[in-house]
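I set out to record what I looked up in this structure, entry by entry. The notes are meant for a reader who has not met it before.

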Amino acid sequence: MKVFVINLERAEDRRRRMEEQFESLGLEATFYPAVDAKELTPDHYAQVDRETRWRLGLWPQADGSVANWISQRQVMREIAKNGPETAAIFEDDAGLSAELPAVLDALERRPFAFDVIKLNRRSLKKTFIPCERLATGHRVGRVRYHDYGSEGYVITREAARHFLENTPLMMREIDQALSRFWENGLNVFYVDPPVVSHDEQDDSQIERDRKLARKKHKRADGVLFVTWRRFVSAIVRDIRRRAAFRRLLRGEIGVTPPPDAGA
């Protein structure tokens, strides 16, 4: 399976760590230059749906989150245009399991229909519903109702096309946008146990930016108004995702045809 790693060119230590991990696993990775959060332009900021975020009571996006959104979409655009039909995308703060190569090989064979398969999970306490079993012994299934993190995931070419066309503006961080099947219409699975983790060696610049943005947001709009908008949007989200989750379990959500559809 073709592997892309999104890496900021000046983050040389991260690149070396990722190169060492992939080399030790016998995997070849294509490093894709990330957009630098310190060099965002008005055209970059124009890709953020600020009006909808304000209406939903969401915090202003951190520059690092905006840069990550644009970077990941650039890789998806490459996949949609030139293939392959199934690829893996990693961030440069991913920790890789020794079982990763076998899992990627099993998923490249597309033993069942999927659009996105998250290789990591941030919250292992969330209910996991197994649906398929890989030849490696790993289970693939659903998380009720979703889990965030985009350190590593597998995406099909058709899913990349669909996401690019149907999510033209950034309303949520990339990991949230990919996970929210009730909004994006993607057939999202998770691997259990995860074969990718979040590397905690670096302090997150994105998180520092996010905290500053939240403080400014509270001062500008007031805590009461922000809380009320978030409360209303949370109720709507809960209703939509519960209904969509039942459809997801029935296999009624997704854009990539089953592997035997053309047979």
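The entries below concern backbone geometry, aromatic rings, charges over rings and a surface patch.

**Entry 1. The model.** I note at the outset that this is a predicted model.

**Entry 2. Cis peptide bonds.** I looked up the peptide bonds, bearing in mind that most peptide bonds are trans. The bond from G83 to P84 is cis, and its omega is near 5°. I located P84 in the loop that runs between α4 (63-82) and β3 (86-91). I also recorded a cis bond joining D192 and P193, with omega about -5°. P193 is placed in the loop between β9 (188-192) and β10 (196-198).

**Entry 3. R110.** What is the sign of phi at R110? I found a positive value, near 50°, in a residue other than glycine. Most residues other than glycine have a negative phi. R110 belongs to the loop between α5 (100-108) and β5 (116-118). I then checked whether R110 is buried or exposed. Its relative accessibility is 12%, and buried means under 20%, so R110 counts as buried. R110 also lies over the face of F114, at 4.6 Å from the ring centre.

**Entry 4. A second charge over a ring.** I looked up R15 and found its charged end over the ring of F31. The distance from the centre of that ring is 4.2 Å.

**Entry 5. Aromatic pairs.** How many aromatic pairs are there? I recorded a count of eight. One of them is formed by W69 and F163, with 5.9 Å centre to centre and 55° between the planes. I entered this pair as tilted. W69 lies in helix α4 and F163 in helix α6 (residues 157-166), so the pair ties together parts that are 94 residues apart in sequence. Both W69 and F163 are buried. I further noted a cluster in which ring pairs link Y145, F181, W182 and F245.

**Entry 6. A nonpolar surface patch.** Which residues form a nonpolar patch on the surface? I listed W228, F231, V232, I235, V236 and I239. Together they have about 600 Å² of accessible area. I followed up I239, which lies in helix α10 (residues 223-249). Exposed means over 50% relative accessible area, and I239 counts as exposed because its relative accessibility is 57%.

Technical notes: Residues numbered from 1 in each chain as written. Predicted model: local features only at pLDDT ≥ 70, side-chain atom pairs only at ≥ 80, totals over all residues. Heavy atoms only, no water. Patch = residues over 30% accessible without salt bridge, like charges linked within 9 Å, V, L, I, M, F, W, Y side chains within 5 Å. Areas by Shrake-Rupley, 256 points an atom, 1.4 Å probe, with all protein chains shown as cover. Salt bridge = Lys/Arg side-chain N within 4 Å of Asp/Glu carboxyl O. Helix = DSSP H or I, 4+ residues; strand = E, 2+ residues; numbered from the N terminus. Buried < 20%, exposed > 50% of the residue type's maximum accessible area, 1.4 Å probe, protein only. Phe/Tyr/Trp six-rings, centres within 6.5 Å; stacked < 30°, edge-to-face > 60°. Lys NZ or Arg CZ within 6 Å of the ring centre and 35° of its normal.
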